[in-house]
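Welcome to this guided tour. Open your viewer, load the model, and follow along one selection at a time.

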Amino acid sequence: MRNITLVSMNVNGMNNPIKRSKVILKMRKLNANVIYLQETHLSQEEHDKLKKFGYRNSYYSTCKKSRKRGVAILIKNSVNFECSKEIRDSEGRYIIVRGKLEGEAVT
């Protein structure tokens, strides 16, 4: 398995498009292949916008009642990932993703 860089960050809200771009730029500078974001505070539609930054494999859990909480896992397009199971919390507190990352089983 090749070296995979994992980065976790509490972003304390990403509703502002400028802040969202800055977070993604920082992840690119760190050469992050897999990104774990906490406290995204994004709606489902806003989470989907993260795919345009080069993370088509994006998994998230959002609080449906308000723009509180929220977590996301973003996997860079250049990384081979096959999702086999995804478990989301309806309150946006956690997401569990199981699959194969570069051929290795991961959760």
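Leaving aside its neighbours within four places in sequence, which residues is Glu 39 in contact with? Select Glu 39 and look around: the residues in contact are Asn 10, Val 11, Asn 12, Gly 13, Arg 69 and Gly 70. Keep in mind as you go that this is a predicted model.

**Stop 1: the annotated site**

Stay with Glu 39, which sits in the loop between strand E2 (34–38) and helix H2 (44–48). Is Glu 39 buried, partly exposed or exposed? Its relative accessibility is 30%, so Glu 39 counts as partly exposed. Now show its side chain together with that of His 41: the two make a polar contact at 3.1 Å.

Next, add Asn 10 to your selection. An unreviewed UniProt entry places the feature "binding site" at Asn 10 and Glu 39. These positions span 30 residues in sequence, yet their C-alpha atoms are no more than 6.0 Å apart, so they gather at one spot.

Asn 10 itself belongs to strand E1 (residues 6–10). Not counting residues up to four places away in sequence, Asn 10 touches Gln 38 and Glu 39. Look also at Asn 12, whose backbone nitrogen lies 3.1 Å from a polar atom of the Asn 10 side chain.

**Stop 2: the four-stranded sheet**

Switch to a cartoon view and find E1 again. In what order do the strands of the open sheet of four run? The order is E1-E2-E4-E3, and the pairing is mixed. E1 and strand E3 (57–61) stand at the edges with a single partner strand each, so one side of each has no neighbour in the sheet. On average, neighbouring strands here are turned by 10° against each other, direction ignored.

Now select E3 together with strand E4 (residues 71–75): these two are antiparallel and share five bridges. To see one pairing in detail, show Tyr 59, which stands opposite Ile 73 in E4.

Then bring in helix H1 (residues 17–29), which packs on the sheet and touches E1, E2 and E4. The direction of H1 makes about 150° with that of E1.

**Stop 3: two hairpins**

Move on to strand E5 (residues 81–88) and strand E6 (residues 95–101), an antiparallel pair joined by seven bridges. Within this pair, Arg 88 stands opposite Ile 95 in E6. The hairpin of E5 and E6 has six residues between the strands, and Gly 92 takes a positive phi near 75° there.

Follow the chain from E6 to strand E7 (residues 104–106): this pair is also antiparallel, with three bridges. Leu 101 has Glu 104 in E7 as its bridge partner. How many residues lie between E6 and E7 in their hairpin? There are two, and Glu 102 in the turn has a positive phi of about 55°.

**Stop 4: cysteines and a wider view**

Select Cys 63 and Cys 83. Cys 63 has a relative accessible area of 5% and is therefore buried, whereas Cys 83, at 35%, is partly exposed. A search of the whole structure for disulfides finds zero.

Finally, colour residues 8–91, the range covered by the UniProt annotation "domain: Endonuclease/exonuclease/phosphatase" from an unreviewed entry. Over this range the chain is 21% helix and 31% strand. Pick the C-alpha atoms at its two ends, and you will find them 20 Å apart.

Notes:
Residues are numbered from 1 along each chain as its sequence is written. This is a predicted model: local features need pLDDT of at least 70, side-chain atom pairs count only at pLDDT 80 or more; totals for chains, interfaces and linings use all residues. Side-chain values use heavy atoms; hydrogens and water are left out. Two strands pair if DSSP finds at least two bridges between them. UniProt positions are given in the numbering used here, feature names are shortened, and annotations may be inferred rather than shown by experiment. Contact means heavy atoms within 4.5 Å. A polar contact is a pair of N or O atoms within 3.5 Å; within protein, one must be able to donate a hydrogen and the other to accept it, and residues adjacent in sequence count only if both atoms are side-chain atoms. Buried means under 20% relative accessible area, exposed over 50%, partly exposed in between (1.4 Å probe, protein chains only). Axes are lines fitted to C-alpha atoms, for helices over the stretch in contact, and angles run from 0 to 180 degrees between N-to-C directions. A disulfide is a pair of cysteine sulfur atoms within 2.5 Å.
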